[in-house]
Amino acid sequence: MTNWKTDFEVKFCLEFIHDDGKKEFINKSLIVEAENKEKAIEIIFHQYENSKFLKINEVIKIWKY
């Protein structure tokens with residue numbers, strides 16, 4: 001177990017399909033502090049309540065301390 005944390009930038013999009021069939025994409029990114037990439041993704045899914053519309057695009061390590 002380690003106490004070291006890393007800042008990750010998680011790029012993701014919310015993908016909605018409207019009743020008329022039109023697709024809408026909202027691109028976002030958040031910087032989170034986590035132990036590893038998997039935990040960073042877990043934090044994002046928790047933030048968006050495991051939304052089925054959430055798609056992770058990229059996770060980038062920014063800083064470790």
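Thr-6 lies in strand β1 of a predicted model. With a relative accessible area of 4%, Thr-6 falls below the 20% cut-off and is therefore buried. Setting aside residues up to four places away in sequence, Thr-6 touches Val-32, Glu-33, Ala-34 and Glu-35, and also Lys-61, Trp-63 and Lys-64. One of these, Glu-35, stands 29 residues from Thr-6 in sequence, yet the two C-alpha atoms are 6.0 Å apart.

The setting of Thr-6 becomes clearer from the order of elements. The protein contains 1 helix and 3 strands, and from the N terminus these follow one another as β-β-α-β. In space, the strands form an open sheet in the order β2-β1-β3, with antiparallel pairing. Strands β2 (23-34) and β3 (54-64) stand at the edges with a single partner strand each, so one side of each has no neighbour in the sheet. From one strand to the next, the twist averages 15 degrees. As a general matter, the strands of a sheet pair through backbone hydrogen bonds, in either a parallel or an antiparallel manner.

The two pairings can be taken in turn. Strands β1 and β2 run antiparallel and are joined by 12 bridges; among the residues involved, Asp-7 has Glu-33 in β2 as its bridge partner. The hairpin of β1 and β2 has 5 residues between the strands, and in this hairpin Gly-21 takes a positive phi near 90 degrees. On the other side, β1 (residues 6-17) pairs with β3, again in the antiparallel sense, over 9 bridges. Here Leu-14 has Leu-54 in β3 as its bridge partner.

Helix α1, residues 37-47, lies across β1, β2 and β3 and runs at about 125 degrees to β2. Ile-44 shows how residues from separate parts of the chain meet: apart from neighbours within four places in sequence, Ile-44 is in contact with Val-10, Phe-12, Leu-30, Val-32, Leu-54 and Ile-56. Several of these names return in the largest nonpolar core, whose 10 residues are Phe-8, Val-10, Phe-12, Leu-14, Val-32, Ala-34, Ala-40, Ile-44, Leu-54 and Val-59. At least two residues of this core come from each of β1, β2, α1 and β3, and β1 gives the most, with 4 residues. In soluble globular proteins, nonpolar side chains tend to be buried together.

An aromatic contact offers a further link between β1 and the later part of the chain. There are 2 aromatic pairs in the model. One of them joins Phe-16 and Phe-53 in a tilted arrangement, with 5.0 Å centre to centre and 40 degrees between the planes. Phe-16 belongs to strand β1 and Phe-53 to the loop between α1 and β3, so that the pair, 37 residues apart, links distant parts of the chain. Phe-16 has a relative accessible area of 25% and is partly exposed; Phe-53, at 29%, is likewise partly exposed.

The loop between α1 and β3 also holds Lys-52, which counts as exposed because its relative accessibility is 66%. The C-alpha atom of Lys-52 is separated by 17 Å from that of Val-10, 42 residues away along the chain. Glu-49 is found in this loop as well and has a positive phi of about 50 degrees although it is not a glycine. At 70% relative accessibility, Glu-49 counts as exposed. Asn-50, also in the loop between α1 and β3, is another residue other than glycine with a positive phi, near 55 degrees. Asn-50 is exposed, with a relative accessible area of 60%. By way of background, most residues other than glycine have a negative phi.

Overall values complete the picture. The C-alpha trace spans about 50 × 20 × 10 Å along its principal axes. The radius of gyration of the protein is 14 Å, whereas a compact globule of 65 residues would have one near 11 Å. Buried residues make up 22% of the 65 residues. Among contacts with a separation of 6 or more, 57% are accounted for by residues 24 or more positions apart.

Methods: Residues are numbered from 1 along each chain as its sequence is written. This is a predicted model: local features need pLDDT of at least 70, side-chain atom pairs count only at pLDDT 80 or more; totals for chains, interfaces and linings use all residues. Side-chain values use heavy atoms; hydrogens and water are left out. Two strands pair if DSSP finds at least two bridges between them. Axes are lines fitted to C-alpha atoms, for helices over the stretch in contact, and angles run from 0 to 180 degrees between N-to-C directions. Contact means heavy atoms within 4.5 Å. Rings of Phe, Tyr and Trp (its six-membered ring) pair if their centres lie within 6.5 Å; planes under 30 degrees apart count as stacked, over 60 as edge-to-face and the rest as tilted. Buried means under 20% relative accessible area, exposed over 50%, partly exposed in between (1.4 Å probe, protein chains only). A nonpolar core is a set of buried Ala, Val, Leu, Ile, Met, Phe, Trp, Tyr and Cys residues joined through side-chain atoms within 4.5 Å. The radius of gyration is taken over C-alpha atoms; the globule rule is 2.2 Å times the number of residues to the power 0.38.
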